[in-house]
Protein chains: 2
Amino acid sequence: MDSINSLIKSFSKFPSIGPRQAAKFVSYLLKNKMLLDEFIKNFENLKIKATICNQCFMNFDKENNNLCPICSDKKRIQNQICVVEENEDIQVIEKTKIFNGLYHVLGGTINPIKKISSTDLTIEMLIKRIKNLQKENIKNIEIIIATNPTSEGELTRLYLEKELEPFNIKITHLGRGISTGSTLEYIDENTLINAFKNRV
Amino acid sequence: MDSINSLIKSFSKFPSIGPRQAAKFVSYLLKNKMLLDEFIKNFENLKIKATICNQCFMNFDKENNNLCPICSDKKRIQNQICVVEENEDIQVIEKTKIFNGLYHVLGGTINPIKKISSTDLTIEMLIKRIKNLQKENIKNIEIIIATNPTSEGELTRLYLEKELEPFNIKITHLGRGISTGSTLEYIDENTLINAFKNRV
């Protein structure tokens, strides 16, 4: 296969990108060849520097530690964990400044059609985190489940609520304000702030 | 800026990709780190191998020549040139096997809103090609204008028809079958075959 089609094939692996859009990306790159060097440099940097937080599974640039800047920040509320589907959701929530606790990235949702089960997500590690907090005798633990109000997000939330019930901790989810079927990252900041305030 | 945000910024430069989708690409890459090496290799190959045909401006992998496989193929009809907006359009037309002449990639359309004028396209080089064919005394030259039936595509076609009028050659465009507002690459093969047969 030639270099053009090889790269088209690689881009087609991205979520929701078909071969036609992939071909447009490659055409764009060939028209803007300076971008090629920028991408190669950025890919290499990502490969070397970016990693996943050992505690919350957020992507971040490692320096010396295995914990992301949020998990390392002792000023943040240590007994509130906001559970999100993906990395992108953290950025959306952080922008609102309504939440000052820690996060936990599930890495997706339970999805029977796509054969994604609870074991493909970081649920077991969330349970371990809660157990550790309880071992350290930390009180008033709250888990805020901020999955998207889609059917898969709701399924995941219900599963989580059931799994976390035995721990006798406060389990909330984002409250009124989020309309069913929408996804977190497309919600305006004010709606999201209200949803945090009205979590139930 | 960290490696994650640098790559998000690079992906955001692609046509029709916003920062949110760019972030999804980066998350996907971090979940599938083997893909990073594949991308680095493919970008480097593209940088070294891919080039633009000196005659028709199609992207291709250069070996020893400066002409693409289509322009180098002497079995193809040498006096028919199909003018397309983008590289992707050639692949769509080639799949139908209805056309066996040569191509010319404009590299876009005239677009007053985006400030793309005729001089940003390869129109001057198309005129040079036609002059050369006439110098070589090649008869029955036909230019098939296969721009998309969008308003920019139509504007470009009308401009081309006016510019090519003085050469006294056959100028056609794709005929009935293409519905206004659609783009070449999303048209099914049969419609495209009919459009070639019914070019006017």
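**Exercise 1. The extent of the contact**

How many residues does the contact take from chain B and from chain A? Find the buried area as well, and the residues of chain B that supply most to it.

Solution. The model is a predicted one. Start with the count: chain A gives 48 residues to the contact, and chain B gives 48 residues. Next, take the area. About 5,000 Å² is buried between chain B and chain A, and carbon and sulfur atoms give 61% of that. Then look at single residues of chain B. Arg20(B), Phe43(B) and Leu46(B) supply 14% of the area that chain B buries against chain A, more than any other three residues.

**Exercise 2. Polar pairs and the elements behind them**

Describe the salt bridges and polar contacts across the interface of chain B and chain A, then assign the touching side of chain B to its elements.

Solution. The salt-bridge rule finds six pairs across the interface of chain B and chain A. Lys47(B) and Asp37(A) form a salt bridge, with their closest N and O atoms 2.7 Å apart. For polar contacts, 23 residue pairs are found across this interface, both residues at pLDDT 80 or more.

Now assign the elements. In chain B, at least two residues of the side that touches chain A come from each of α1 (3-11), α2 (19-31), α3 (34-49), β1 (50-52), β2 (59-61) and α5 (87-96). The most comes from α3(B), with 13 residues. Sorted by class, the side of chain B that touches chain A holds 22 nonpolar, 11 polar and 15 charged residues.

**Exercise 3. The relation between the copies**

Which rotation and shift superpose chain B on chain A, and why can the copies be said to meet through the same surface?

Solution. First, the operation: chain B is superposed on chain A by a rotation of 180° with 0.0 Å of shift along the axis, at an RMSD of 0.1 Å. This is the relation of a two-fold axis. Ile40(B) has the C-alpha nearest the axis in chain B, at 2.8 Å from it. Second, compare the two sets of interface residues. Of the interface residues of chain B, 100% are also interface residues in chain A, so the copies meet through the same surface.

**Exercise 4. Burial in α5(B)**

How many residues of α5(B) are buried, and which are they?

Solution. Seven of the 10 residues of α5(B) are buried, and the helix is mostly covered. The buried residues are Asn87(B), Glu88(B), Asp89(B), Ile90(B), Val92(B), Ile93(B) and Thr96(B). Just after α5(B) comes Lys97(B), with a positive phi of about 60°.

**Exercise 5. Two loop residues**

Are Thr147(B) and Leu174(A) buried or exposed, and what is each in contact with?

Solution. Take Thr147(B) first, in the loop between β5 (142-145) and α7 (151-164) of chain B. Its relative accessible area is 6%; the cut-off for buried is under 20%, so Thr147(B) is buried. A polar atom of the Thr147(B) side chain lies 3.0 Å from the backbone oxygen of Gly153(B). Beyond its neighbours within four places in sequence, Thr147(B) has contacts that include Val83(B), Glu85(B), Leu106(B) and Arg157(B).

Leu174(A) lies in the loop between β6 (170-173) and α8 (189-197) of chain A. With a relative accessible area of 10%, Leu174(A) is also buried. Leaving aside neighbours within four places in sequence, its contacts include Ile144(A), Leu184(A), Leu192(A) and Phe196(A). Finally, a distance: Leu174(A) and Ile193(A) are 19 residues apart in sequence, and their C-alpha atoms are 9.6 Å apart in space.

Note on methods. Residues numbered from 1 in each chain as written. Chains lettered and ligands numbered in written order. Predicted model: local features only at pLDDT ≥ 70, side-chain atom pairs only at ≥ 80, totals over all residues. Heavy atoms only, no water. Contact = heavy atoms within 4.5 Å. Buried area = accessible area lost by both parts, 1.4 Å probe. Salt bridge = Lys/Arg side-chain N within 4 Å of Asp/Glu carboxyl O. Polar contact = N/O pair within 3.5 Å; in protein donor to acceptor, adjacent residues only side chain to side chain. Helix = DSSP H or I, 4+ residues; strand = E, 2+ residues; numbered from the N terminus. Nonpolar A, V, L, I, M, F, W, Y, C, P; charged D, E, K, R; others polar. Least-squares fit on C-alpha atoms with pLDDT ≥ 70 in both. Buried < 20%, exposed > 50% of the residue type's maximum accessible area, 1.4 Å probe, protein only.
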